[in-house]
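This report introduces a structure to a reader who has not met it before. The sequence and the coordinates are shown first, and a description follows.

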Amino acid sequence: MENSSFSSKILGLAFLLALAFAAPLCAADAPQLIQPAELNKILQGPAKQRPLIIQVGFRSLYEQAHVPGSEYVGAASSAEGSKELRRRVEGLPRNRFIVLYCGCCPWSHCPNVQPAYKELQSMGFRNVRVLYIESNFGADWVDKGYPVSKGQ
Amino acid sequence: MNSKHLFIVGAVVVVAATLYFGTRNISDLPSFGINSGQHMPAPQVTLTDLSGQKLDLASYKGEVVLVDFWATWCDPCRAEIPHFVQLQDKYRNQGFRVVGISMDDGPRPVLEFYGQYRMNYPVAMGNAKVAERFGGVLGLPVSFLIGRDGRIYARHVGETETSVFESEIKELLARPAAAPGL
């Protein structure tokens, strides 16, 4: 009896710990992700299947290297960046395929990409993906050999 | 506690550790430390700091310099900066200097941040050209440690423990600058 009570408590603790760390990633409004390899594959394919790609981080990163065809709107954590993002997508059909990325740091810790995702969701866009950045844009896109463009 | 209990406790610890470290902001980029053997010359760049003063990195030769690329909205950057302020105070008299290069799109939030965080070292606005002179800044924060001889001895990408910086700073301060003519 004592052993099963102890085991139950430990299992309960494990469950609570798992919930505490995994919950933010499992929440209903957690961003849907797209892996760099998958995005690269899409970019190599027919133009009509390509998403609108928006960089919501910082200009100097965009100018050093960005996903070809992507557009820069400003840091989505700022009022100006958020406003520019809304302005860019306002007239688009709500089923438009859109990919957001920043690249400053791991996507799950990025102060720009998650507000951008929420902004688009609140505007009714339902086909939005966040580029999965594990470390930063340099490590997860450029150093992997995926295509880059430079400049404004 | 019998073996079954030990197994369960161990399993819980492993699961918890995996979840915890799996969601940390840990960069696995090619950072390198001062004993890596890498010591390329630091770029000669001239910037303008927030007060309008010219900031010439070459003028710091003979001192140990921490160059920090950061942004006001970058959480790991904000975590590091108070420690840089402390390190600047602690080692200033030994010839240590911190230089911040903000990658914000404009100076307004940087000025506000500078005062709020009581930054005690010069900060200049960066751009893609400056970043490329340092080999590219494709994430934040990215910090460089430059020795008294004007060479880069360490590059740290992502939030880095203060103890790592302090250990490297102390070692670089203890090294002499290159002999004249070298």
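The model is predicted. In helix α5(B), the buried residues are Phe165(B), Glu168(B), Ile169(B) and Leu172(B). They cover an arc of only 105° around the axis, and therefore they lie on the same side of α5(B). Ser163(B) and Ala174(B), on the other side of α5(B), are exposed. The partners against which the buried residues of α5(B) pack are β3 (64-70), α2 (75-91), β4 (96-102), β6 (142-146) and β7 (152-157) of chain B. The length of the helix can also be checked: because each residue should add 1.5 Å, the 13 residues of α5 (residues 162-174) of chain B should span 18 Å, and the end C-alpha atoms are indeed 18 Å apart.

**The two chains**

The table sets out general values for each chain.

| Chain | Residues | Buried | Helices and strands | Contacts (separation of 6 or more) joining residues at least 24 apart |
|---|---|---|---|---|
| A | 152 residues | 39% | six helices, five strands | 67% |
| B | 182 residues | 35% | five helices, seven strands | 73% |

From the N terminus on, the elements of chain A follow the order α-β-α-β-α-β-α-β-α-β-α. The pattern of chain B, read along the sequence, is α-β-β-β-α-β-α-β-α-β-β-α.

**The sheet of chain A**

Chain A holds an open sheet of five strands with parallel pairing, in the order β1-β5-β4-β2-β3. Its edge strands are β1 (33-34) and β3 (71-72) of chain A, each of which pairs on one side only. Strands β2(A) and β3(A) run parallel and are joined by two bridges; here Ile54(A) stands opposite Glu71(A) in β3(A).

Strand β2 (residues 52-55) of chain A also pairs with β4(A), in the parallel sense and over four bridges. In this pairing, Ile53(A) is opposite Val99(A) of β4(A). Strand β4(A) in turn pairs with strand β5 (residues 128-131) of chain A, again in the parallel sense, over three bridges. Ile98(A) has Val128(A) in β5(A) as its bridge partner. Between β4(A) and β5(A) the chain passes through helix α5 (residues 113-122) of chain A, and this β-α-β crossover is right-handed.

Which way do the residues of strand β4 (residues 98-101) of chain A point? Ile98(A) and Leu100(A) point one way, while Val99(A) and Tyr101(A) point the other way, and all are buried.

**A helix packed on the sheet**

Helix α4 (residues 79-89) of chain A has Gly81(A), Ser82(A), Leu85(A) and Val89(A) as its buried residues. Seen down the axis of α4(A), these residues fall within an arc of 100°, so they line one face of the helix. On the other side of α4(A), Ala79(A) and Arg87(A) are exposed. The cover over the buried residues of α4(A) includes β2, β4 and α5 of chain A.

**The nonpolar core**

The largest nonpolar core has 76 residues. Those with the most contacts inside it are Val56(A), Leu100(A), Tyr101(A), Val113(A) and Leu140(B). Strand β3(B) contributes the largest share of this core, six residues.

Which residues does Leu100(A) touch, not counting residues up to four places away in sequence? They are Ile54(A), Val56(A), Val113(A), Ala116(A), Tyr117(A), Val128(A), Val130(A) and Leu131(A).

**Backbone features of chain B**

Two loops of chain B deserve mention for their backbone geometry. A cis peptide bond, with omega of about -10°, joins Leu140(B) to Pro141(B). Pro141(B) belongs to the loop between α4 (128-133) and β6 of chain B. Leu140(B), on the other end of this bond, is also one of the residues with the most contacts inside the largest nonpolar core.

Arg118(B) is not a glycine, yet its phi is positive, at about 50°. The residue is found in the loop between α3 (108-116) and β5 (123-125) of chain B. Is Arg118(B) buried or exposed? Arg118(B) counts as exposed because it has 9 C-beta neighbours inside 10 Å, and the cut-off for an exposed residue is 12 or fewer.

Note on methods: Residues numbered from 1 in each chain as written. Chains lettered and ligands numbered in written order. Predicted model: local features only at pLDDT ≥ 70, side-chain atom pairs only at ≥ 80, totals over all residues. Buried ≥ 20, exposed ≤ 12 C-beta atoms within 10 Å, placed from the backbone. Pairing = 2+ DSSP bridges. Right-handed = clockwise from strand over helix to strand, strands pointing away. Expected span 1.5 Å × (residues − 1). Arc of directions from axis to C-beta. Contact = placed C-beta atoms within 7 Å. Core = buried A, V, L, I, M, F, W, Y, C linked by C-beta atoms within 7 Å.
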